[in-house]
Amino acid sequence: MDFSLTPEQREIRELALKFARNEMIPHAQEYDEQGKFPADIFKKAWELGLVNTCIPAEYGGSGFTSVDGVVISEALAYGCMGMNTSFMANDLALLPIVIGGSDAQKKKFLTPFTQEFKIASFCLTEPGNGSDAAGIKTTIKDGGDHWILNGEKMWITNAGHADLFVVYGTIDPNLKHKGISALVVNPKSPGIEIGKKEDKMGHRSSDTRGVRFNNVKVPKEDMLGNPGEGWTIAMNTLDHSRPLVASSALGGAQRALDLSIQYSKERTQFGVPIAKHQAIQFMIAEMGMKVEAARLLVHKAAWLCDQGMKNTEIASYAKAFASDSCMQITTDAVQIYGGYGYSKEYPVEKLMRDAKLIQIYEGTSQIQRLVMARELLK
């Protein structure tokens, strides 16, 4: 049993951390306040090979493992969880193609993402169906030589900038999950309406919108797998992506811990740095313990993916524990900073706002517990 990163993983981690410190942290507050999409920073990350980590080498990708992916994601989230949400959304959208696509589909859809900078969106959630993904109302009808797509999606990351959508719909709502199918869709297709950008509490630099599909024609060859196989593809995708999302929470938690340690050594009360006070020491110790435990869960969940082993239970542990821990750690960071922590002049209030979303998207912390219980009680 070896918990160390390989020399190559340490090298890519340092590259990603350097990028986070030099390109993301200096602009994170500005982009957050303006709700500005980080297209320029996103492109620089792509040029360094830090996005689209799921694309296999045979289709032009870097051939990163899942462990490599979470190491990179943690480092980028250290720079900004909001920006990293946009970066990760590319992997979330491309993973169904990696998992369920034919060789021809992988060449058609994945390879262009390695040749030039492109953005993708994963379209699963609907206005009335978040946690109840099997209750999808978006329909996919047979139109002869094409599919006809109708419906509405909500909370779609990167929707306003995407070059590719992976959209989940149903061939028959009465079939529930057995009717769900996945289509790769060109966002420029006639009949697609992109909604207004959502004004969010956190992750404000990421682009989040609703998308409406009105009789959109999709080529028959652009369905992933067969009709009714979309649910299996989606669940396999989430087993791969949840460690990635958990690693984003981990990066934000590590940043909050580092800032708290630094501030507690500089801030004096009652004649000594507050780091000398046991109340602060206990809070920092709790932070450190949760960060380390979260990292072990995240890395194990990713490692199981790389071994081709089922990771559903551990991925849910990792996602819930890392996101819940990030929320607590960033809240405690604000407490340690005191009144200054509540001010936008200091970075911890943004970390606290950003932490909340990771408890919600990619399966809420409550849904993760349902998944855990289901796996434990089998």
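Trainee: Which helices each supply at least two residues of the lining of the largest cavity?
Mentor: This is a predicted model. The lining includes Gly-69, Ile-72, Ser-73 and Leu-76, and helix H3 spans 66-79. It also includes Asn-84, Phe-87, Met-88 and Asp-91, and helix H4 spans 81-100. The helices that each give at least two lining residues are H3 and H4.

Trainee: How many cavities of 30 Å³ or more does a search of the whole structure find?
Mentor: The largest cavity holds about 70 Å³ of space. That passes the 30 Å³ cut-off, and the count over the whole structure is 1.

Trainee: How many residues of each class are in the lining of the largest cavity?
Mentor: Leu-50, Val-51 and Leu-244 are among the lining residues, and Leu and Val count as nonpolar. Asp-91 also lines the cavity, and Asp counts as charged. By class, the lining has 7 nonpolar, 4 polar and 1 charged residues.

Trainee: Which helix gives the largest share of the largest nonpolar core?
Mentor: That core has 44 residues. H3, H4, H7, H8, H9 and H10 each supply at least two of them. With 11 residues, the largest share comes from H9.

Trainee: Which residues is Val-348 in contact with, leaving aside its neighbours within four places in sequence?
Mentor: Val-348 is listed with Val-298 and Ile-336 as having the most contacts inside the largest core. Leaving aside those sequence neighbours, its partners are Leu-259, Ala-333, Val-334, Tyr-337 and Gly-341.

Trainee: How many residues are in the other core, which lies apart from the largest one?
Mentor: Ile-136, Ile-180, Ile-233 and Ala-234 are among its members. The size of this other core is 26 residues.

Note on methods. Residues are numbered from 1 along each chain as its sequence is written. This is a predicted model: local features need pLDDT of at least 70, side-chain atom pairs count only at pLDDT 80 or more; totals for chains, interfaces and linings use all residues. Side-chain values use heavy atoms; hydrogens and water are left out. A nonpolar core is a set of buried Ala, Val, Leu, Ile, Met, Phe, Trp, Tyr and Cys residues joined through side-chain atoms within 4.5 Å. Buried means under 20% relative accessible area, exposed over 50%, partly exposed in between (1.4 Å probe, protein chains only). Helices (H or I, at least four residues) and strands (E, at least two) are DSSP runs, numbered from the N terminus. Contact means heavy atoms within 4.5 Å. On a 1 Å grid over the protein atoms alone, a cavity is a set of points where a 1.4 Å probe fits but cannot get out, and a pocket is an open set with protein on both sides within 12 Å along at least five of seven lines; lining residues have an atom within 4 Å of a point. Grid points are joined across faces, edges and corners, and a volume is the space filled by probe spheres set on the points.
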